[in-house]
Every structure is written in C-alpha cells, then in structure tokens.
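Colleague: Hi! Could you walk me through this one when you have a minute?
Modeller: Happy to, let's get it on the screen.

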Amino acid sequence: MELVDSAGYVVVRSADDKLYVLGGPDRSRYDACTASFQMPYLNFDKPASWKQYMGFDAAIDGTWNIEVSYDPDNIVWEDIGTITKSTYNDQRVAFRGYSPSISVKMHTTSASRARVANVAVHYNLSKND
C-alpha cells in the first residue's frame, strides 16, 4: 500500500492497484473495513545478538490487537493483547520473548477510524551475547 496525504485526504493504493480515499477535510469519512499492518523483522542494528523482549508501547487511535513473532524462518504469531488508547502514559503492554529479532503485527477490531502514530518494543540485550 502507498499512503499520500493530500488536503486532508489519505489516499491508499492496495496491492491490486485499487485506490481508496479516506478522511477528507473533516477527517471523518472512512470506509467500512478493518485495517492491519505488519512490521518487518527488526533486529535493532544487532542482528547476531539475542534480546529479551519485555513490553510494547504504541500511540494509537481506535482499538488494535497486537501480535508478535520471533522467527522469520518459522513464523508463529503470539497474541500479546488489545489496546484502546495510547500506552505511553500508562504501563506498557507486558510480554516475554527471547530471540535475535521480532516482528509486530497489528489489526483493528472494528471498521472505524484508526491510526498508529508510533510503536516501541522494549528489550534488554542478552548477557550471554
């Protein structure tokens, strides 16, 4: 998909080359579908170092379900929770994982206005590395 902000509109091109126009000048025009995205496997510039993952934060609008995966060669998704507001002012979403890399996948739980402004994954480097 490709996002372009043009005079208050968000134009999205899907994988099958269809265009969708969302938002508008009043930012209240949306279609009746859910949204999702998946981040690539992240290694935080330390691809050979094992990390102990401890939590997740995000700045969002809407309701989002969060999943994580630790192995790009054996993709298994672990559900770590659902958030309904930004988590930075509250406690982060806690989870435990151990691997060199991690991918985050999020999807909305309803067809309504939704936005992800940023995502943070909290981790410590392994003492064995």
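Modeller: Let's begin with one strand pairing in this predicted model. Strand β5, residues 51-61, is joined to β8 by 5 bridges, and the two run antiparallel.

Colleague: Nice. Which residue of β8 does Y53 stand opposite?
Modeller: Y53 faces G97 in β8.

Colleague: And what is the strand order in the sheet they belong to?
Modeller: The order is β8-β5-β10, an open sheet of 3 strands with antiparallel pairing.

Colleague: Which strands stand at the edges?
Modeller: Those are β8 (93-99) and β10 (115-125). Each has a single partner strand, so one side of each is left without a neighbour in the sheet.

Colleague: How about the twist?
Modeller: From one strand to the next, the twist averages 30°.

Colleague: Stepping back a bit, how many helices and strands does the protein chain have?
Modeller: There are 0 helices and 10 strands. Along the sequence the pattern reads β-β-β-β-β-β-β-β-β-β.

Colleague: What share of the contacts comes from residues far apart in sequence?
Modeller: Counting contacts with a separation of 6 or more, 68% are between residues 24 or more positions apart.

Colleague: Okay, new topic: how many aromatic pairs are there?
Modeller: The structure has 5 aromatic pairs. One of them is F37 with W64, an edge-to-face pair with 6.1 Å centre to centre and 65° between the planes.

Colleague: Where do those two sit along the chain?
Modeller: F37 is in strand β4 (residues 36-38) and W64 is in strand β6 (residues 64-69), 27 residues apart, so the pair links distant parts of the chain.

Colleague: Is W64 buried or exposed?
Modeller: W64 is buried, at a relative accessible area of 3%. F37 is partly exposed, at 27%.

Colleague: What about W50 and Y98, how are their rings arranged?
Modeller: W50 and Y98 form a tilted pair, 5.1 Å centre to centre with 35° between the planes. W50 lies in the loop between β4 and β5, while Y98 belongs to strand β8, 48 residues apart.

Colleague: How accessible are W50 and Y98?
Modeller: W50 has a relative accessible area of 36%, which makes W50 partly exposed. Y98 also counts as partly exposed, at 45%.

Colleague: Which residues make up the aromatic cluster?
Modeller: F44, Y53, Y70 and Y123 form one cluster. You'll remember Y53 as the residue opposite G97.

Colleague: Last one: what percentage of the residues is buried?
Modeller: 31% of the 129 residues count as buried. The chain's accessible surface comes to about 8200 Å², and 49% of that belongs to carbon and sulfur atoms.

Key: Residues numbered from 1 in each chain as written. Predicted model: local features only at pLDDT ≥ 70, side-chain atom pairs only at ≥ 80, totals over all residues. Heavy atoms only, no water. Pairing = 2+ DSSP bridges. Helix = DSSP H or I, 4+ residues; strand = E, 2+ residues; numbered from the N terminus. Axes fitted to C-alpha atoms, helices over the stretch in contact; angles between N-to-C directions. Phe/Tyr/Trp six-rings, centres within 6.5 Å; stacked < 30°, edge-to-face > 60°. Buried < 20%, exposed > 50% of the residue type's maximum accessible area, 1.4 Å probe, protein only. Contact = heavy atoms within 4.5 Å. Areas by Shrake-Rupley, 256 points an atom, 1.4 Å probe, with all protein chains shown as cover.
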